[in-house]
Amino acid sequence: ATGYGLIFYIREMLKANNNSLQGKTVLVSGSGNVAIYACEKAVENGAKVVAMSDSNGCIYDENGIDLDLIKQIKEVERGRIKEYLRKHPDAKYTETTNEDFPIWSIKADIALPCATQNEITLNSAKKLVENGVIAIGEGANMPCTQEATDYFLEKGILVAPAKASNAGGVATSAIEMTQNSMRYYYTFDEVEAKLEQIMINIFKACEENAEKYGCKGNYVAGANLAA
């Protein structure tokens with residue numbers, strides 16, 4: 001729910017700025033629930049996810065991440081992401097050896113931090129901007145440090161802030177409570193359609209408030225104002 005919701009929000013944010021996920025290269029940090037399903041939905045929307053990670057390091061596959069293999073390693077075997085190389089020896093694996101996660105040094109259009117808080121530091125933010133990133137979508141809770149967020153905004157990068165963009169999880173919990181109260185169960189597609197509309201409404205609230213209070217395009221401010 002959180003991963004899908006993140007992509008719905010990003011899609012709306014890009015659309016509002018005359019852009020789309022189609023043909024974009026994407027970095028998704030993490031390889032848990034949020035990261036896996038953000039990757040799945042990003043690909044459905046025409047993007048190519050080229051890197052994912054875990055706490056030990058990151059894999060880069062220029063042909064696009066083999067998500068079925070990631071699911072097998074992480075959801076079934078509970079293994080480490082490095083095992084991706086067994087089936088894709090041409091992919092590159094980089095270990096995390098310092099405080100900056102290596103995934104943020106890879107060139108891409110869109111970065112989706114879906115692992116942990118403070119994973120994008122100012123140093124990483126500078127590398128991403130230098131490599132031509134156009135948008136950041138926070139899937140984890142507060143994955144960008146304040147300095148990184150400020151830097152992105154200063155450079156005109158689109159930022160989808162966690163308090164809005166990763167709301168899909170709690171939104172779907174509310175849908176679940178609703179159906180339990182009614183003793184009626186929605187199909188997967190019905191839940192997804194409801195989630196999609198919720199995320200569209202959340203983005204609109206961020207967009208409208210940013211514009212109303214004189215900071216058009218700043219969805220961080222828009223999310224705070226809407227909240």
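These are my notebook entries on strands, pockets and one helix pair in a predicted model.

**Entry 1: strands**

I began with strand S2, residues 48–53, and strand S3, residues 57–60. The two pair in the antiparallel sense, over three bridges. I then checked the link between them: S2 and S3 form a hairpin, with three residues in between. I wanted one bridge I could point to. Serine 53 has cysteine 58 of S3 as its bridge partner.

Next I asked which strand S3 is joined to by four bridges. That strand is S4, residues 92–95, and S3 and S4 run antiparallel. Here I looked up cysteine 58 again. Its bridge partner in S4 is threonine 94. I noted cysteine 58 twice, then: as partner to serine 53 and as partner to threonine 94.

A reminder to myself for viewing strands: in a regular strand, side chains alternate between the two faces of the sheet.

**Entry 2: largest pocket**

I looked up the volume of the largest pocket. It holds about 340 Å³ of space. Which residues lie nearest its centre? I wrote down Ala1, Thr172, Phe188, Val191 and Leu195, out of 17 lining residues. Then I listed the elements that give two or more residues to this lining. They are helix H1 (2–16), helix H2 (33–44), helix H7 (168–182) and helix H8 (188–212). By residue class, I recorded nine nonpolar, six polar and two charged residues in the lining.

**Entry 3: second largest pocket**

I turned to the second largest pocket, with about 250 Å³ of space. Its lining includes Glu138, Met142, Cys144, Thr145, Gln146 and Thr149. I also noted Val159, Pro161, Ala162, Lys163, Val220 and Asn224 in this lining. Three helices each give two or more residues here: H5 (146–154), H6 (162–165) and H9 (219–226). The class split of this lining is six nonpolar, four polar and two charged.

**Entry 4: helices H1 and H2**

H1 and H2 had come up at the largest pocket, and I looked up how they pack. Two packed helices are described by the angle between their axes and the distance between the axes. For H1 and H2, I have an angle of about 40° and axes 7 Å apart. Why oblique, and not roughly parallel? Angles under 35 degrees count as roughly parallel. The angle here is about 40°, and H1 and H2 are therefore oblique to each other. Last, I checked the handedness: H1 passes H2 in a right-handed crossing.

How values were computed:
Residues are numbered from 1 along each chain as its sequence is written. This is a predicted model: local features need pLDDT of at least 70, side-chain atom pairs count only at pLDDT 80 or more; totals for chains, interfaces and linings use all residues. Side-chain values use heavy atoms; hydrogens and water are left out. Two strands pair if DSSP finds at least two bridges between them. On a 1 Å grid over the protein atoms alone, a cavity is a set of points where a 1.4 Å probe fits but cannot get out, and a pocket is an open set with protein on both sides within 12 Å along at least five of seven lines; lining residues have an atom within 4 Å of a point. Grid points are joined across faces, edges and corners, and a volume is the space filled by probe spheres set on the points. Ala, Val, Leu, Ile, Met, Phe, Trp, Tyr, Cys and Pro count as nonpolar, Asp, Glu, Lys and Arg as charged, and the others, Gly among them, as polar. Axes are lines fitted to C-alpha atoms, for helices over the stretch in contact, and angles run from 0 to 180 degrees between N-to-C directions. Angles under 35 degrees count as roughly parallel, over 145 as roughly antiparallel, 65 to 115 as roughly perpendicular and the rest as oblique. A crossing is left-handed if the near helix is turned anticlockwise from the far one by less than a right angle, and right-handed if clockwise.
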